[in-house]
Amino acid sequence: MFRFHVVTVGSMKKGPLAELVSHYQKLLKTYARIEGAEVKEVRRVAKDAFSVLLTEHGKEYDSPQFAKQLLAWSEHETRTVEFVVAGPFGMDAGTIEEFDATLSLSKLTFPHDVATTVLYE
């Protein structure tokens, strides 16, 4: 079973996006254990996890490629994969080097609540 740790800068606002995230969390319970954390600045939280920073400058995948990449990052479901979603003010340029990989959901820049929802979807 996959283990994911989703880290967001700040908290998600209540409303339709938060409801969608909750819905996706319920759907994913069959396939993965998911934990969440809210932090004040962009940083890794789980030191032993494979940590992925979501950034518009990250690597883009189509769905089949992303599924294969998740298996690789998780070492075939034996390692936790941590996704870190930056907040509304971005991050320092040197922050990227602290992460094992980067991921772009799109060439567009999304508000962090939207990015979090797309990640869960």
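**Reading loops, patches and salt bridges**

Tutor: Let's start with Leu105, which sits in the loop between E5 and helix H3 (112-120). Helices (H or I, at least four residues) and strands (E, at least two) are DSSP runs, numbered from the N terminus. Keep in mind that this is a predicted model: local features need pLDDT of at least 70 and side-chain atom pairs count only at pLDDT 80 or more, while totals for chains, interfaces and linings use all residues. Residues are numbered from 1 along each chain as its sequence is written, and side-chain values use heavy atoms, with hydrogens and water left out.

Student: Is Leu105 buried, exposed or partly exposed?

Tutor: Buried means under 20% relative accessible area, exposed means over 50%, and partly exposed is in between (1.4 Å probe, protein chains only). Leu105 has 32% relative accessibility, so it counts as partly exposed.

Student: Which residues form a nonpolar patch with Leu105 on the surface?

Tutor: Patches are built from residues with over 30% relative accessible area and no salt bridge; nonpolar side chains (Val, Leu, Ile, Met, Phe, Trp, Tyr) are joined within 5 Å, like charges within 9 Å. Here Leu105 joins Leu108, Phe110 and Val118, and together they offer about 320 Å² of accessible area. Those areas come from the Shrake-Rupley method with a 1.4 Å probe, and for residues only the protein chains shown count as cover.

Student: And which residues gather in the patch of negative charge?

Tutor: For charges, Asp and Glu count as negative, Lys and Arg as positive, and His and the chain ends are not counted. Each charge is placed at NZ of Lys, CZ of Arg, CG of Asp or CD of Glu. In this model Glu41, Asp92, Glu97 and Glu98 make up the negative patch on the surface. Asp92 belongs to the loop between strand E4 (81-85) and strand E5 (101-103), and at 60% relative accessibility it is exposed.

Student: How many salt bridges does the count come to?

Tutor: The general idea is that side chains of opposite charge can pair when their charged atoms come close. The rule wants a side-chain nitrogen of Lys or Arg within 4 Å of a carboxyl oxygen of Asp or Glu. That gives two salt bridges. In one, Asp100 meets Arg44 (3.3 Å, N to O). This pair ties distant parts of the chain together, 56 residues apart: Asp100 from the E4-E5 loop, Arg44 from the loop between strand E2 (32-39) and strand E3 (50-59). Asp100 is partly exposed at 38%, whereas Arg44 is buried at 14%.

Student: Which residue meets Arg79 in a salt bridge?

Tutor: Glu75 does, at 3.4 Å, N to O. Arg79 is partly exposed, with a relative accessible area of 25%, and Glu75 is partly exposed too, at 43%. The C-alpha of Glu75 is separated by 9.8 Å from that of Phe2, 73 residues away along the chain.

Student: What phi does Glu75 take?

Tutor: As background, most residues other than glycine have a negative phi. Glu75, just after H2, takes a positive one of about 50°. His76 is also positive, about 55°, although it is not a glycine, and Glu77 has about 70°.

Student: Where is His76 found?

Tutor: Look in the loop between H2 and E4. Glu75 and Glu77 are in that loop as well. His76 is exposed at 60%, while Glu77 is partly exposed at 30%.
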